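Here's a quick tour of a protein model, starting from the empty space inside and working out to the way the chain is divided up. Have the structure open as you read.

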Amino acid sequence: MTHYVDSEVGRLGTVLLHRPGPELARLTPRNNDSLLFDAIPWVGRAQEEHDAFAAALRERGVEVLYLANLLTETLAVADARAELTEQVLSSPRLGDTLRARVADHLAYLDPAALADVLIAGLAHEELRISPERPGGIVYTLMDRHDFVIEPLPNLLFTRDSSLWIKNRVGVTSLAMRARRRESTLTNAIYRHHPRFVGTEFVYQPGLEHLEGGDVLLLAPGVIAVGVGERTTPAGAERLGRQVFAAGLAHTILVVPVAQKRATMHLDTVCTMVDVDAVLMYPNVADALSAYTVIAGADGDDPRVDGPAPFLRAAADAMDIDQLRVIDTGLDPVTAEREQWDDGNNTLALAPRLCVGYERNVETNAQLERAGIELIPIAGSELGSGRGGPRCMSCPMVREPLRR
């Protein structure tokens with residue numbers, strides 16, 4: 001199977017999604033902040049909204065893969081099962097006695113049930129404990145609502161834990177503790193699932209912090225990397241070195257992004273909707289800057305130029321006169337509201353065709369006026385984790401762009 005992505009807007013062929021499930025039902029007012037959600041979602045409605053999103057993609061000829069299905073199939077491989085079980089058991093918070101009980105519990109599960117636990121977690125009261133084999137002091141001192149294995153409600157946002165650059169996959173190094181097991185699951189899928197046999201990696205967990213929402217493939221050979229709340233400058237530098245060494249790009253634009261919840265990733269303020277057009281939050285459009293990084297010759301360190309205005313640096317790297325800019329909203333107040341509601345976070349299915357949340361009425365009207373066809377989807381519950389259609393999708397196959 002050939003997987004290949006060289007842009008943000010080439011016609012989408014295959015995408016990885018995660019349909020939200022019981023892990024969302026684990027969210028409570030007591031834990032939603034630590035699990036990085038701004039509200040407690042209505043799970044059934046979130047699933048309906050996600051199903052409609054997937055249906056809209058299929059109607060346009062996109063193959064939709066589900067992460068949970070791939071994980072279940074991966075866990076049928078003995079090495080993968082051992083690897084992921086060991087990762088869970090290695091947590092120092094368990095202690096020796098509880099670790100043994102968790103190992104016993106997981107050993108009884110078939111691949112589908114084990115996948116459910118790895119995604120939705122394992123609550124204190126769900127662990128099989130008997131008087132003959134008690135859980136020890138750690139289990140005894142846990143609150144009955146605590147998790148022995150924590151859930152992964154942010155797995156919904158498949159963009160962050162992996163990305164494709166041409167024919168190589170990057171499994172990222174997620175910054176927030178609540179999300180780090182996501183990369184472990186994704187890494188196992190790409191290493192052990194039969195579909196991905198022979199896949200080469202351009203990034204792997206354990207390297208410097210890097211998240212997929214900060215990586216935009218502006219054009220073949222040109223990659224923008226946001227640095228801020230989730231991706232560090234060291235992560236951007238490491239990705240640059242890796243892609244230069246593999247011959248996957250000639251230019252990296254490193255783009256500082258304000259370290260705020262509303263702008264946690266570059267794709268919360270800017271996404272591409274055509275080969276020469278970006279949807280962009282107007283409050284940052286003129287202020288956003290970029291450092292241009294070019295591969296060094298004969299093993300030399302990459303050359304760094306700048307800073308320069310992002311839009312100018314991007315156009316120069318893409319070898320076009322200028323990037324067309326479509327503003328979020330129509331006025332400062334509407335722009336701020338719709339940026340918060342992921343108005344910028346669109347998923348391009350092809351040049352001038354994208355998916356966006358229906359609630360961002362003014363932004364969607366701006367797109368239509370600019371000649372961009374928008375497929376609106378509901379997102380009242382899906383958006384409670386601060387992510388839109390781009391965040392919820394990891395493209396694996398796009399038609400190459402022709403220049």
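Let's begin with the largest cavity: 13 residues line it, and Val5, Glu8, Arg159, Trp164 and Leu217 sit nearest its centre. Strand 5 (162-165), strand 8 (215-219) and strand 19 (394-398) are the elements that each give two or more residues to that lining. Bear in mind that this is a predicted model. In total, the structure holds 5 cavities of 30 Å³ or more.

There is a pocket worth a look too. Among the 16 residues lining the largest pocket, Gln87, Ser91, Glu150, Arg177 and Arg181 come closest to its centre. Helix 4 (78-89), strand 4 (147-149) and helix 8 (180-192) each put at least two residues into the lining of this pocket. Here are the two spaces next to each other:

| Space | Volume | Lining residues nearest the centre |
|---|---|---|
| Largest cavity | about 110 Å³ | Val5, Glu8, Arg159, Trp164, Leu217 |
| Largest pocket | about 380 Å³ | Gln87, Ser91, Glu150, Arg177, Arg181 |

Now for the packing. In soluble globular proteins, nonpolar side chains tend to be buried together. Here the largest nonpolar core runs to 58 residues, and Val148, Ile165, Tyr190, Ile223 and Val243 have the most contacts inside it. Helix 6 (residues 111-120) is the top contributor to this core, with 5 residues. The core also takes at least three residues from each of domain 1 (12-65 + 153-398) and domain 2 (70-149).

What does Tyr190 touch, once its neighbours within four places in sequence are left aside? Its contacts are Leu16, Ser162, Trp164, Val169, Val171, Phe196, Phe201, Cys394 and Met396. Apart from the largest core lies another one, of 29 residues, with Val9, Leu216, Val255 and Phe310 among them.

Strand 1 (residues 12-17) is home to Thr14. Is Thr14 buried or exposed? Its relative accessible area is 3%, under the 20% cut-off, so Thr14 counts as buried. The Thr14 side chain makes a polar contact with the side chain of Glu63, at 2.7 Å. Thr14 and Val64 are 50 residues apart along the chain, yet 6.0 Å separates their C-alpha atoms.

Finally, the overall layout. The domain assignment splits the protein chain into domain 1 (12-65 + 153-398) and domain 2 (70-149). Their C-alpha centres are 32 Å apart, and the contact between them takes 18 residues from domain 1 and 23 residues from domain 2.

Key
Residues are numbered from 1 along each chain as its sequence is written. This is a predicted model: local features need pLDDT of at least 70, side-chain atom pairs count only at pLDDT 80 or more; totals for chains, interfaces and linings use all residues. Side-chain values use heavy atoms; hydrogens and water are left out. A nonpolar core is a set of buried Ala, Val, Leu, Ile, Met, Phe, Trp, Tyr and Cys residues joined through side-chain atoms within 4.5 Å. Buried means under 20% relative accessible area, exposed over 50%, partly exposed in between (1.4 Å probe, protein chains only). Helices (H or I, at least four residues) and strands (E, at least two) are DSSP runs, numbered from the N terminus. Domain bounds come from an automatic or database domain assignment. Contact means heavy atoms within 4.5 Å. A polar contact is a pair of N or O atoms within 3.5 Å; within protein, one must be able to donate a hydrogen and the other to accept it, and residues adjacent in sequence count only if both atoms are side-chain atoms. On a 1 Å grid over the protein atoms alone, a cavity is a set of points where a 1.4 Å probe fits but cannot get out, and a pocket is an open set with protein on both sides within 12 Å along at least five of seven lines; lining residues have an atom within 4 Å of a point. Grid points are joined across faces, edges and corners, and a volume is the space filled by probe spheres set on the points.
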